[in-house]
Amino acid sequence: MRAIAVLFLLALPAALLFAQAPPPDDIARLARLAWLEGRWEGTQGGVAMEEHWTAPRGGALLGVHRDVRNGRMVSFEFLRIQATPEGIVYFASPNGAAVTPFELAELGEKRVVFENRQHDFPQRILYWTDPAGALHARIEGPRGGKTVSEEWVWTRAR
């Protein structure tokens, strides 16, 4: 009986998060990220990359990223952009690590920026499309006393 009570107490915070509905305005703002939907791919430095995003439904977009070098997966990431009671949040889990949240900082026509100033690196995650329709992803933050960044460019897979 004690084990059941402990499990209940551990599950309660997660259940409360999903029980609280996000503000309707955030659901509408999340829908503006529909341009991310689809399968994106590119190659950089000998690494074949692909990122898949679902449509914004049910208050969230789900994403997965994979990097392959010489026929072997070298990294992966599970992603989620969700309207929560606290606002729109990007949740990143690289290589199966614990989830790190990044709060929405900017939402443009085809550009979005998420931030978490308490995280070591990155502290900012940006996505945007260019006039040719390519998807850009960029991470930024402090490293070794300097602000550094990494950027990737992908095209829509057919």
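Trainee: How many helices and strands are there in the chain?

Mentor: Before counting, keep in mind that this is a predicted model, where local features need pLDDT of at least 70, side-chain atom pairs count only at pLDDT 80 or more, and totals for chains, interfaces and linings use all residues. Residues are numbered from 1 along each chain as its sequence is written, and side-chain values use heavy atoms, with hydrogens and water left out. Helices (H or I, at least four residues) and strands (E, at least two) are DSSP runs, numbered from the N terminus. Going by that, the chain has 2 helices and 10 strands.

Trainee: And what pattern does the chain follow, read along the sequence?

Mentor: You've got 2 helices and 10 strands to place. Reading along the sequence, the pattern comes out as α-α-β-β-β-β-β-β-β-β-β-β.

Trainee: What share of the 158 residues counts as buried?

Mentor: Buried means under 20% relative accessible area, exposed over 50%, and partly exposed in between (1.4 Å probe, protein chains only). Of the 158 residues, the buried share is 37%.

Trainee: Which residues touch the most other members of the largest nonpolar core?

Mentor: A nonpolar core is a set of buried Ala, Val, Leu, Ile, Met, Phe, Trp, Tyr and Cys residues joined through side-chain atoms within 4.5 Å. The largest one here holds 27 residues. Among the elements that give two or more residues to this core are S2 (47–53), S4 (72–84), S5 (87–94) and S9 (135–143). The members touching the most others are Ile-81, Tyr-90 and Tyr-127.

Trainee: Take Tyr-90, then. Which residues does Tyr-90 touch, not counting residues up to four places away in sequence?

Mentor: Contact means heavy atoms within 4.5 Å. With those sequence neighbours left out, Tyr-90 touches Trp-53, Leu-79, Arg-80, Ile-81, Thr-100, Pro-101, Phe-102, Phe-114, Ile-125 and Tyr-127.

Trainee: Is Arg-124 buried or exposed?

Mentor: Arg-124 lies in strand S8 (residues 124–129). The relative accessibility of Arg-124 is 17%, so this residue counts as buried.

Trainee: Which side chains does the side chain of Arg-124 make polar contacts with?

Mentor: A polar contact is a pair of N or O atoms within 3.5 Å; within protein, one must be able to donate a hydrogen and the other to accept it, and residues adjacent in sequence count only if both atoms are side-chain atoms. One such contact, at 2.7 Å, goes from the Arg-124 side chain to that of Glu-115. Another, at 2.7 Å, joins the Arg-124 side chain to that of Glu-140. The partners you're after are Glu-115 and Glu-140.

Trainee: How about pockets: how many residues line the largest one?

Mentor: On a 1 Å grid over the protein atoms alone, a cavity is a set of points where a 1.4 Å probe fits but cannot get out, and a pocket is an open set with protein on both sides within 12 Å along at least five of seven lines; lining residues have an atom within 4 Å of a point. Grid points are joined across faces, edges and corners, and a volume is the space filled by probe spheres set on the points. The largest pocket comes to about 510 Å³. Glu-77, Pro-94, Pro-122, Ile-139 and Trp-152 lie nearest its centre, within a lining whose residue count is 26.

Trainee: How many of those lining residues are charged?

Mentor: Ala, Val, Leu, Ile, Met, Phe, Trp, Tyr, Cys and Pro count as nonpolar, Asp, Glu, Lys and Arg as charged, and the others, Gly among them, as polar. The lining has 15 nonpolar and 5 polar residues, and the charged ones number 6.

Trainee: Which residue does a cis peptide bond join to Phe-121?

Mentor: Most residues other than glycine have a negative phi, and most peptide bonds are trans. Here omega is about -5 degrees. The partner sits in the loop between S7 and S8, and the residue joined to Phe-121 is Pro-122.

Trainee: What phi does Asn-70 have?

Mentor: Asn-70 is in the loop between S3 and S4, and its relative accessible area is 75%, so it is exposed. Although Asn-70 is not a glycine, its phi is positive, at about 50 degrees.

Trainee: Why does Thr-84 count as buried?

Mentor: Thr-84 lies in strand S4. Beyond its neighbours within four places, Thr-84 is in contact with Pro-22, Pro-23, Asp-26, Val-89 and Phe-91. Thr-84 counts as buried because its relative accessibility is 4%.
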